[in-house]
Protein chains: 2
Amino acid sequence: MARIVMKFGGTSVADLDRIRNVAQRVKREKEAGNEVAVVVSAMSGVTNQLVAWCSALSPLHDQREYDTVVATGEQVTTGLLAIALQTIGVPARSWQGWQVPISTDDAHGKARVEGIDGSALVARMREGEVPVVAGFQGVAPGNRIATLGRGGSDLSAVALAAALKADRCDIYTDVDGVYTTDPRIVPRARKLERIAYEEMLELASVGAKVLQTRSVELAMKERVRVQVLSSFEDKPGSLVVDEDEIVEKEVVSGIAYSRDEAKITLRQVPDRPGIAAAVFGALAQANVNVDMIVQNISADGSTDITFTVGRADLPRARDVLGREQERLGYASLLADPEVAKISVVGIGMRSHAGVANTMFRALAEKGINIQVISTSEIKVSVLVGAEYTELAVRALHTAYGLDAAEPAPEAAA
Amino acid sequence: MARIVMKFGGTSVADLDRIRNVAQRVKREKEAGNEVAVVVSAMSGVTNQLVAWCSALSPLHDQREYDTVVATGEQVTTGLLAIALQTIGVPARSWQGWQVPISTDDAHGKARVEGIDGSALVARMREGEVPVVAGFQGVAPGNRIATLGRGGSDLSAVALAAALKADRCDIYTDVDGVYTTDPRIVPRARKLERIAYEEMLELASVGAKVLQTRSVELAMKERVRVQVLSSFEDKPGSLVVDEDEIVEKEVVSGIAYSRDEAKITLRQVPDRPGIAAAVFGALAQANVNVDMIVQNISADGSTDITFTVGRADLPRARDVLGREQERLGYASLLADPEVAKISVVGIGMRSHAGVANTMFRALAEKGINIQVISTSEIKVSVLVGAEYTELAVRALHTAYGLDAAEPAPEAAA
């Protein structure tokens, strides 16, 4: 017997038929002899409507009231799923954040879970009841309803799994697992049976948007085994686990890409101590997130600094740096929004040399120029011209031996 | 300075524009120097959708889950109105039943308010904040969300007004007050400035559906002064108060009618002790509500019993009585769904003779046959053929001197 938290996202509970379908899945898991708790999102579309109402009344609305309004989406789903479960003979009841309770801080709209008292839920589960818990919400100090921010239902599920000491947290979604890369680009992408938390984090943050980053971080911290699987098909998904659970560590387990990048080069920056701090301090103050940074050696007392920012932040970054040009003392600013970041990720990299070199050779063979390189312990990222994205991803997927024997059926990573 | 509870129903908060309009009304009441708390319903249509979902999943759904789902309608309105108020400079915050708390019993779906701790709300009101409280809901034992049944927001408002010791409870609705009768039938119907609780109860239960009966009962018990007024116009409504507050007591203050009646006559019922108990016991067991009852004196050891039931209950009543015919021993059952109940209501009746006689004479003059008569301390009701409804109401309205000098602008009582 295992204890399992099952989480269903908005598309999985989009209408009554899908809610009935979810109930059947829960029933099967229960009939297999497991203790089950369920976390649900709002029916898809509902949250957007509620958010739109708040914004229409005031763009600068009180986040506490926003939370009160928006949290109703999940509340509706909990009640409906509890009814659907009872209807097919599964004892169930709904739980809102304040009922569990799931305590959060008071950062309304993007609150952090501070603690979950799982004792009432555990007692019910032992009696065979299925708690249906509202995702995305908790109760803040002062007894106000708080939400965890968009995508926060994954976080709720992982946090609940940790609190309940669950054996597994199954995240049901509209994809059937984590792939070596985007199957829309590489039809021979393979579904990964297992992937380490660290790999998942690198893949998620660079483009494989399956699991929200914060929930992977939490899973890693709390050692919650997470399974990503499809709510529309009946087959195992991908297990996100501690790397100790992965026996055959792949050198490279996935290729990620991101087109949401822009490159900025500051030419002839005076090469003196503190100049990098001045440049990136100004950007940080303007809330511009900087990703890759490259600075070459100096010539004639000046140097070039190149870095990437999110493409949406490019205008703001240009504006800030333009206003500060005199103080920073650089000669000119070059900006290029037509770039993509390609990353190879794998925990096996730590013990294998030559990983980066394989990447550079594969790209060179296709005539793809590398603009910026950045490496971490389990990742090598390069910046290339945006038009090379698909070509680069395919070349690397093949170069690292990731291609499946058969093309995958249509799926999205 | 007065303390006022303002309650807005579903049509008054049907969309964002109307919510903004409500916010302006609240602001005006506040700027007049009053302490204000607001009770809101769900945006119109929302509750029906939520109810339909529950029923579609299971006609016999768990009422606790139904309450969890349905209570979200009011929750959304509280948050949106709080935002709308803040936007125009009025400090406000939303309160759900469990936050106040409004404690109820565990009769989910039709719970009774058992107590309201108004201390937190009063403290906020003293600081100038407007509490926006979700109507229709409270928190039941075990920390579950409970709803008070359809129309329960009026009840919430009256109960809150009692708990806050408010000077007045203003019920904003889509009619502008309580009329002497239905202005759609009698264009010269007059809006009543004041009406006693007891009169309002009689008028409400026989057809003038302005205020939910349970909320009038509670207002009477707790001596809450209730004003019924329009949320779309800016003029005083009708005040429902203790009869001591009514100086000039009208003999008859209103004429009510109900077409939702059906008449049943049991012919030749054996005239022996306990027979009425047997007949009406059987109906009560089948949950059929019986209203007027007439039993004539016996002839030849048998009698006829006539009574009325709600028209929707007629098939059930026939069914029950048909199955029990042998035990009850009656000869035949006559049923007539084509009847209407006409009532004249007034607290002045207590001290005036001849009220019933005026009624009988006025109806006789129009050639309307009276089928059943029933009287109480402040009401005389008669059953007539349904096709005489309008004629009877108009004749009585004139006979009791209720006609206004001018026809009212279009309005519905």
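**Exercise 1. In this predicted model, determine how many bridges join strand 14 of chain A to strand 15 of chain A, and in which direction the two strands run.**

Solution.
Step 1. Locate the two strands: strand 14 of chain A covers 290–295, and strand 15 of chain A covers residues 302–310.
Step 2. Count the bridges between them: there are four, and the strands run antiparallel.
Step 3. Pick out a facing pair. A:Val290 stands opposite A:Val309, which belongs to strand 15 of chain A.

**Exercise 2. Place this pair in its sheet: give the strand order in chain A and name the edge strands.**

Solution.
Step 1. Strands of a sheet can pair in parallel or antiparallel fashion, through backbone hydrogen bonds.
Step 2. In chain A, the order is 14-15-13-16-18-17, an open sheet of six strands with antiparallel pairing.
Step 3. Strand 14 and strand 17 (372–376) of chain A are the edges, as each pairs on one side only.
Step 4. From one strand to the next, the twist averages 30°.

**Exercise 3. Find which strands of chain A helix 9 of chain A lies across.**

Solution.
Step 1. Helix 9 of chain A spans residues 275–285.
Step 2. This helix lies across strand 13 (254–270), strand 14 and strand 15 of chain A.
Step 3. Against strand 15 of chain A, helix 9 runs at about 25°.

**Exercise 4. Establish what relation superposes chain B on chain A.**

Solution.
Step 1. Two copies of a chain are related by a rotation about an axis together with a shift along it.
Step 2. Here the rotation is 179° and the shift along the axis 0.1 Å, with an RMSD of 0.3 Å.
Step 3. That is therefore the relation of a two-fold axis.
Step 4. Within chain B, the C-alpha nearest the axis belongs to B:Thr72, 2.9 Å from it.

**Exercise 5. Describe the interface of chain B and chain A: its residues in contact, its buried area and its polar pairs.**

Solution.
Step 1. Contact involves 36 residues of chain B and 37 residues of chain A.
Step 2. About 3200 Å² is buried between the chains, and carbon and sulfur atoms give 67% of this area.
Step 3. B:Leu57, B:Ile83 and B:Trp98 lose the most area in chain B, together 22% of what that side buries.
Step 4. The salt bridge count is zero, whereas ten residue pairs are in polar contact (both at pLDDT 80 or more).
Step 5. Elements of chain B supplying at least two residues each include helix 1 (16–31), helix 2 (46–57) and strand 8 (144–147). Helix 4 of chain B gives the most, with eleven residues.
Step 6. Since 100% of the interface residues of chain B are also interface residues in chain A, the copies meet through the same surface.

Methods. Residues numbered from 1 in each chain as written. Chains lettered and ligands numbered in written order. Predicted model: local features only at pLDDT ≥ 70, side-chain atom pairs only at ≥ 80, totals over all residues. Heavy atoms only, no water. Pairing = 2+ DSSP bridges. Axes fitted to C-alpha atoms, helices over the stretch in contact; angles between N-to-C directions. Contact = heavy atoms within 4.5 Å. Least-squares fit on C-alpha atoms with pLDDT ≥ 70 in both. Buried area = accessible area lost by both parts, 1.4 Å probe. Salt bridge = Lys/Arg side-chain N within 4 Å of Asp/Glu carboxyl O. Polar contact = N/O pair within 3.5 Å; in protein donor to acceptor, adjacent residues only side chain to side chain.
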